[in-house]
Amino acid sequence: MKKTNSRFGLVIVSLCLLVPPIWAKDSENGISSTSAPVFEAFPAKTLTSPHKYASKIILATPRSKRYRTIISLEGRKEPNFAGHYRVVTWGCGTDCHGFAIVDRVTGIAFTDPSIEYVAGAMGNNEPRIDFRSNSRLLILNGLINDDREGKFFYEWTGKGLRLINRAPLLKEDLLDDATRRN
Amino acid sequence: MGDSIAATGKLTPKADTNGIVVQICDPGWFQKNATFRIQNAPPRTANLEFNGSDLNFLARVLYAESSGSAQLKDRDERANEKQAILNVKHFRLNRQGYPNRTKAMNFTEVCEAPNQFESVYAASPKFAGSAASSHESLNKLECRDLAEAIEAVRYFIDHGPDKELVFDNFRGGKGSRGKVIGLSRFWLSNVGETLYEKDE
């Protein structure tokens, strides 16, 4: 029994050493988290160049229709997300950011029905909408709809955003002792 | 404010070298090297000086962030909304928290603070269109909107912040939070309220 247990333990330890962790240290913006997804873990396929992109933008959701001007203008630019997608952002006030994801191949503009915008939190200056051209991971840092606060990790599936993790938002304490209320 | 916000955005005819008349937008910019102080300012901002370039930048951001005449038909409502936005930006002068410990000492720094005004750091088409290299080709309505923004900044500098408009945030669009002015909602955050009580 003892031999079996020790062999089993050795196998487990070996596997942990050999298999790279999916949740690795995220040193983006100087913030570390031992459970945060990283962009490299969600690679996106890039199209072979040159590639013909859609000339027409298809506004498939009510919110994309509302922001048709900016989406139509910016959505025609080069992909900047997950291979062949373009994230288009717009402002909605102080530290307030709406966004759409445009498929540059089909021209379809997607907006998430549960995310009207992401707002910032005082004491945190991470990018509110963080993404990479070669990754399917999209991170929202702030308050979604001025309501739920955090660091939200989404995987772009090609059809929608899938929430895969959530972490607390790191904020500087801006009120020193002299200004705190008792 | 009413009639003091003049629709001064002029389209000036100018002939190019081929003899074709084109209309160019002259919205009434501040002189770049002139200096200004905010009248009736609180101690926090009373000693701050701003040059014309800084106020022109402020006006461009205000033009991009506020409701234009196509969205908001009433000129007084547009003017009131602009004053509320300017009060938000004034609130952020020489204060920590927007969004971090760095204090903005002029309006350009307020507007260029990380993440705060999408029109600036994402160079929205509207903001980009008011730049020195492109504002002359704005159409009549856009030129007038830009002129109104410049005039609103001028009014703010001449009169100072409004004690009825103590806000540090605003949002466009519908929602339950904040006081509605024009097509935007304004409020003072909890941290902002604490900072206000400390400073003013």
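**Why these names fit chains A and B**

Me: Why is the pair Arg171(B) and Asp146(A) called a salt bridge?
Reply: Their closest N and O atoms are 2.8 Å apart, and a salt bridge needs a side-chain nitrogen of Lys or Arg within 4 Å of a carboxyl oxygen of Asp or Glu, so the pair qualifies. The count between chain B and chain A is two salt bridges. Happily, a word on the source: this is a predicted model, where local features need pLDDT of at least 70, side-chain atom pairs count only at pLDDT 80 or more, and totals for chains, interfaces and linings use all residues. Residues are numbered from 1 along each chain as written, chains are lettered from A and ligands numbered from 1 in written order, and side-chain values use heavy atoms, without hydrogens and water.

Me: What makes up the area buried between chain B and chain A?
Reply: About 2,300 Å² is buried (accessible area, 1.4 Å probe, lost on putting the two together, summed over both), and carbon and sulfur atoms give 51% of that area. On chain B's side, Asn115(B), Glu118(B) and Arg171(B) supply 27%, more than any other three residues.

Me: Why is helix 2 of chain B said to agree with its expected span?
Reply: Its 14 residues, 52-65, should span 20 Å at 1.5 Å a residue (1.5 Å times one less than the number of residues), and the end C-alpha atoms are 20 Å apart, so the two agree.

Me: What makes helix 2 of chain B "mostly covered"?
Reply: Buried means under 20% relative accessible area (1.4 Å probe, protein chains only), and 13 of the 14 residues of helix 2 of chain B are buried.

Terms used: Helix = DSSP H or I, 4+ residues; strand = E, 2+ residues; numbered from the N terminus. Buried < 20%, exposed > 50% of the residue type's maximum accessible area, 1.4 Å probe, protein only.
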